[in-house]
2 protein chains.
Amino acid sequence: MTTERILEGLARREPAALARAITLVENQRDGFEQVLSHAHGLLGRGSTRRVGITGPPGAGKSTLTEALIQRFRAQRFSVGVVAVDPTSPFTGGALLGDRIRMESVSLDPGVFIRSMATRGAQGGLATTTEEVADLLEAFGFERVLIETVGVGQTELDIARSAETTVLVLVPESGDGIQALKAGVMEIADIYVVNKSDRPGADKFRQEVEVMLGIRRGNAFRHVAPHHRRAERPSAAPSDGWEPPVLGTVASTGEGVDELAAALDRHYSYLQAGGRLAERRRQRLAARTRAVLERSVRRWLLEGTRVEELLALRLDEVADGRRSPYDVAAEILDQVKAGGGATR
Amino acid sequence: MTTERILEGLARREPAALARAITLVENQRDGFEQVLSHAHGLLGRGSTRRVGITGPPGAGKSTLTEALIQRFRAQRFSVGVVAVDPTSPFTGGALLGDRIRMESVSLDPGVFIRSMATRGAQGGLATTTEEVADLLEAFGFERVLIETVGVGQTELDIARSAETTVLVLVPESGDGIQALKAGVMEIADIYVVNKSDRPGADKFRQEVEVMLGIRRGNAFRHVAPHHRRAERPSAAPSDGWEPPVLGTVASTGEGVDELAAALDRHYSYLQAGGRLAERRRQRLAARTRAVLERSVRRWLLEGTRVEELLALRLDEVADGRRSPYDVAAEILDQVKAGGGATR
């Protein structure tokens, strides 16, 4: 399918064209930026809302996502889902288990679910995932869910690209929570304790609430504003949003209405006082920087003599006569000098 | 402390100079590449071995690391540790809990432990961590341990920069293992089931063994070589190493001798047939690329008119008249044209 054909298909809202567009973007094939540039013109006009869902493996995120999809469908919203799956560096394939389990919604034409592989994304995964979410929004889905598994830096960056970030925990997370909390607990707009029919759920929920309260107090007393990451603002409690801690049993649907209501509340909160528009501007600035960095990297590693120079110098680097820093500086000087370094 | 003073201090093996050098590198302050360039000349000469330790939160990695340190100290090896901690985007501080617990070794002058914050590293965390490990090796530590918490892409990249990668699991990981396995299980050279005195440990260990066997079979039947990530080779079973699955109880020291023996075996395996030298060359090539990308990014975002152009175009991007891709292309064209885009 040519880029032109994909763009035509997207305009006619053909799911096959959407699937092709996503593959194009995921693999950064020729024309992918043209498709994204076109999609960009269609964003921010409709009523699309993006929700990021993350949490440790086994927390029941997929079941909760499925329950949310059903809830949205009952309200007649169309739903697009990007699920970022951990991928084997060897097999290169996305893990399909969770996707297959979503059978209650996977045959519904108002629902589009796409698994993204993490392979080879090399730091660009957050950008690529956001771009796929753009395609889903441009296609017209009214709710876009971005699900990531894990609690690493990349996974958090991805979840935080959405307007509302939901962190899903389970009572059993207690063991790992000591390590998790400092890195994760403040990034979410809504906290969900799933499987909350299990023993210890109430106590765990209270612990999370207490922890949020305590840490919030610390954070704003001691930290200068420039230490916060400005580009991807989370729902910082400083600006008036108190992240709720909800209990759900995703497998029975218990608490899902409350979660949907909290999502609505958070969206209204963002709309008030221009926060949504301001967040969008910040995200677009960050995106432009990320796209520029990616373009420069591609140009540098593919369009210039970098690999040639690297091959020439590698013996010297390996035996310690030169360092990676000397060689990088040499190459950068050539790049700065302009055309000289390019083929 | 000036760069010169730091270099002198490092030559005299002053721990304070090492601490300063690490801070310099961590924050990429002026002179950090000079220090790293100097350190590079001291690498690969001594008997330093690097071990990466990763796994989900709560698996007992820190306790196991402490036990390994004690084991190495009993053999009279000096030990440097880099621990990559999840960090709150708000508080900006590393989580100290686990470090404090390492009290049995923290006062030993033959042991140096450093926590790294993940804040602001923005994709460069793997490179920075490797650079701190370089400083520890250049300083003369004979065993360098790199500990990361989590199972995201970044954490794996970090753990895999070591010569030997250890993945620590616990019997309770079973619930999350379905999601973990495709992304994580094949990256390690040695698998450890910690807390193996708990119920179900033997069964879990067998499951991991079976899974490794099965997935290995799949991987090499169906995947073309170019799908593998060439730059950071893991101990691919294809080249003759069978990753062992060991049981430990880190808190009592049970199984730690076996782990140390497995580390020795893996190192001998790497030394045989020039694998170690080949890996080192590949790592140095990858490092040079990473340093170059970082330098270009810094130059681009700090030394050029990027922010100025971005500010000029942001209104048009926000209202959809232009896309991030148009603007990035415009800026890249100016960069390619050479000096024109720079201040």
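Which elements of chains A and B do the buried residues of α3(B) pack against? In this predicted model, the partners come from both chains. They are α14 (324–336) of chain A and, from chain B, α1 (3–11), α2 (15–26) and α7 (125–139). Helix α3 of chain B spans residues 32–40. Its buried residues are B:Phe32, B:Glu33, B:Val35, B:Leu36, B:Ala39 and B:His40. Viewed down the helix axis, these residues fall within an arc of 155°, so they line one face of α3(B). An α-helix has 3.6 residues a turn, so residues three or four places apart point the same way.

Chain A was assigned three domains. Domain 1 covers residues 1–39, domain 2 covers 42–273 and domain 3 covers 304–341. The centres of domain 1 and domain 3 of chain A, taken over C-alpha atoms, are separated by 37 Å.

The largest nonpolar core contains 163 residues. Within this core, the residues with the most contacts are A:Ala21, A:Leu135 and A:Val192, along with B:Ala21, B:Leu135 and B:Val192. In soluble globular proteins, nonpolar side chains tend to be buried together. Two of the chain A residues were examined further.

A:Leu135 contacts A:Leu18, A:Ala21, A:Ile22, A:Val25 and A:Ala39, leaving aside neighbours within four places in sequence. A:Ala21 is thus listed both as a partner of A:Leu135 and among the residues with the most contacts in the core.

A:Val192 lies in strand β6 of chain A, residues 190–193. Both faces of this strand are covered. A:Ile190 and A:Val192 are buried on one side, and A:Tyr191 and A:Val193 are buried on the other. Strand β5 (residues 164–169) of chain A runs parallel to β6(A) and is joined to it by four bridges. Strand β7 (residues 245–247) of chain A also pairs with β6(A) in the parallel sense, over three bridges. A:Val192 takes part in both pairings. Its bridge partner is A:Val168 on the β5(A) side and A:Leu246 in β7(A).

Confidence was assessed for the model and along chain A. The model scores ipTM 0.79 and pTM 0.73. Chain A averages a pLDDT of 80, and 77% of its residues score at least 70. Among the elements of chain A, helix α11 (residues 256–271) has the highest mean pLDDT, 96. Helix α5 (residues 97–101) has the lowest, 47. Residues 87–100 of chain A have pLDDT below 50; this stretch nevertheless has 41 contacts in the model beyond near neighbours in sequence. Residues 339–343 of chain A also stay under 50, with eleven contacts beyond four places in sequence.

Terms used. Residues are numbered from 1 along each chain as its sequence is written. Chains are lettered from A and ligands numbered from 1 in the order in which they are written. Domain bounds come from an automatic or database domain assignment. pLDDT is the predictor's confidence in each residue, from 0 to 100. Helices (H or I, at least four residues) and strands (E, at least two) are DSSP runs, numbered from the N terminus. Two residues are in contact if their C-beta atoms, placed from the backbone, lie within 7 Å. A residue is buried if 20 or more other C-beta atoms lie within 10 Å of its own, exposed if 12 or fewer, and partly exposed in between; C-beta atoms are placed from the backbone. The arc is that of the directions from the helix axis to the C-beta atoms. A nonpolar core is a set of buried Ala, Val, Leu, Ile, Met, Phe, Trp, Tyr and Cys residues joined through C-beta atoms within 7 Å. Two strands pair if DSSP finds at least two bridges between them.
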